[in-house]
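The text below walks through one protein model with a bound ligand, part by part. Please keep the sequence and the coordinates open while reading.

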Amino acid sequence: ASGTHVPAVVVGSGYGASVAALRLGQAGVRTLVLEMGQRWDTPGPDGKVFCGMLNPDHRSMWFKDRTEAPVNGILFLDLANRPIRRHAGALDRVNFPGMGVYVGRGVGGGSLVNGGMAVTPDRDYFTRQFPTVDAAEMYDRFFPLATKMLRVNHIPGHYFEASDYYRFARLSRTAAARAGFDTAFVPNVYSFDYMAREERGEVPKSALGTEVIYGNNHGKFTLDQGYLAEAERTGNVTIAPLHQVTRITREGAGYALAVREITPDGEVVAEKHVTCDRLFLGAGSLGTTELLLRARDTGDLPDLPAELGEGWGPNGNVMVARNNHLLEPTGSRQSAIPTLAITDPSREVFAEVAPVPAGIETYVSLYLAITRNEERGRFTYDPATDRAVLQWGGARAGITAASGTFDRINDANGTVYRYDVFGGGKAFADDFCYHPLGGAVLGRATDDHGRVKGYRGLYVTDGALVPGSLGVNPFVTITALAERNLATILHEGR
Ligand code: FAD
């Protein structure tokens, strides 16, 4: 691809990028997708594309010497983390002071490693976050479109009630009910039909075989099977994996990209120069923000707006763990796909019941609480390291809200928090997140459709557009918003 010119480049291949690739391809625009991670389609010597969570190998994480799984020391045993060979693995954890951000790496971005929870946000919450976006159009047209394209499905009630693999979630429902809280089922892109067949022993186990954060070998409908496959079928879209964009400059009326191609073991194969008329940034909240800040602050694109890097948040993510009574085991078999959330509307807490798929009884109930937290961080460009650095003050309000909910659950059940789960002797973990959002916020760093201010033909199409929180898991919103923005961009031709 060196020295090539293409009408459109899409950087990254997560949700926002995949929508851009498909809609550009369908509009007849020749498009090159540059993705720094691997194309996950070739089985290793064990016959599997992805490695499991309990026996991680070099495929697990992006160029690390040791895995950095979030839940490590249950029962003070180092259950999950171990040394690995440095390799272009599927999950990355990008560490900033006080905040580790998990992201997916590969063709399909976060869809490869995420929990598949596919939630349309509460309409009032969405409207508060995006006051200039036509909510009626989103809820009538673009959320239903995203939900259909992503193949969102719902767990059948009879399956949830009967499966051994959801005992852990039913137990948390009971504990919540004793404290007066309701629960809600959470839709997913993992096929519950496939899961039922896993349980009957008809097909290879994936969710029921503790696979999720390093990739699911079966069952989950990821972007490489959906949007991206469809984009390639248009004949106009080419995907280049293991291609990392390092720099964006102006060239003629368009843009020039410095691109580094690597092998899966990290050796540099080539440094390439690609030019395009239109550039769509879908490298995620971290990736997109870093590329733009670097371009502005090194003088490559000096007129980029001052608002870049602002409005970052972890979607109020707070993890918490409780200990159950000996007579109320959670079950040693747990599906890796979460399906239930405890709702506490008065504190605006949406707490998903997360599995602890350790393969043994741990008596631990684990939750990912999505809280309302108005704290925002910001990225700045550090010339010494050539990286964007996050300044984040912590999630005090999120912890206060979550502890309100879970103190009440513990009181009603005579149970206590677990302090051995996250390291550092804490009951609540707010120093890592799965839901990085913001950095190039819609209507601030861009116009109301993701067109970057000051530069024609330059677009942001991913989670960087979302101003720091949504109240629910973000990928349905990122997808729907990208659909809406691309529809206008292609219609108006700019
Ligand atoms: P991403 O999906 O992050 O994609 C960005 C892509 O760009 C990546 O593939 C990256 O490798 C690539 N890239 C970055 N920089 C460059 C560069 N310079 N050059 C080339 N390529 C680049 N959300 C939910 O809604 N439900 C869930 O259940 C859920 N669970 C999660 C569990 C985990 C473990 C994680 C990590 C995330 C989870 N999320 C979940 C979050 C969700 O996956 C993200 O919000 C979503 O993937 C963000 O989409 P995006 O389009 O912004 O970018």
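**A glycine, a helix, a ligand and a lysine**

Gly377 is buried, because its relative accessible area is 4%, and the cut-off for buried is under 20%. The model is a predicted one. Gly377 sits in the loop that links strand S13 (364-371) to strand S14 (378-382). Leaving aside residues up to four places away in sequence, Gly377 touches Gly309, Glu310, Gly311, Trp312, Gln391 and Trp392. Ala482, by comparison, is 105 residues from Gly377 in sequence, and the two C-alpha atoms are 23 Å apart in space.

Next comes helix H3, which covers residues 135-149. H3 has 15 residues, and the distance from its first C-alpha to its last is 20 Å, close to the 21 Å expected at 1.5 Å a residue. H3 nevertheless has a bend of about 35° at Phe142, with the proline Pro144 following within four residues. At the start of the helix, a side-chain oxygen of Asp134 comes to within 3.1 Å of the backbone nitrogen of Ala136. Just after H3, Arg151 has a positive phi of about 55°.

Which residues of H3 are buried? They are Ala135, Met138, Tyr139, Phe142, Phe143, Ala146 and Met149. Phe142, the site of the bend, is thus on the buried list. The cover over these buried residues includes helix H1 (15-26), helix H2 (123-129), helix H7 (227-233) and helix H10 (475-492).

H1 and H10 also take part in the surroundings of the ligand: along with strand S4 (99-104), strand S7 (243-251) and helix H8 (284-297), each supplies at least two residues of the shell. In total, 37 residues surround the ligand, and the closest are Glu35, Gly110, Met117, Gly463 and Phe475. Phe475 places a backbone N or O atom 2.8 Å from an oxygen atom of the ligand. Arg105 contributes a polar side-chain atom at 3.4 Å from a ligand oxygen, while a polar backbone atom of Gly106 is 3.3 Å from an oxygen atom of the ligand. On its own the ligand has 1000 Å² of accessible area, and the protein covers 95% of that.

The last stop is Lys272, in strand S9 (residues 268-281). Is this lysine buried or exposed? Lys272 counts as buried because its relative accessible area is 14%, which is under the 20% limit. Its side chain makes a polar contact, at 3.0 Å, with the side chain of Glu261.

Methods:
Residues numbered from 1 in each chain as written. Predicted model: local features only at pLDDT ≥ 70, side-chain atom pairs only at ≥ 80, totals over all residues. Heavy atoms only, no water. Expected span 1.5 Å × (residues − 1). Bend = angle between axes of the 7 residues up to and from the residue. Buried < 20%, exposed > 50% of the residue type's maximum accessible area, 1.4 Å probe, protein only. Contact = heavy atoms within 4.5 Å. Polar contact = N/O pair within 3.5 Å; in protein donor to acceptor, adjacent residues only side chain to side chain. Near = heavy atom within 4 Å. Areas by Shrake-Rupley, 256 points an atom, 1.4 Å probe, with all protein chains shown as cover.
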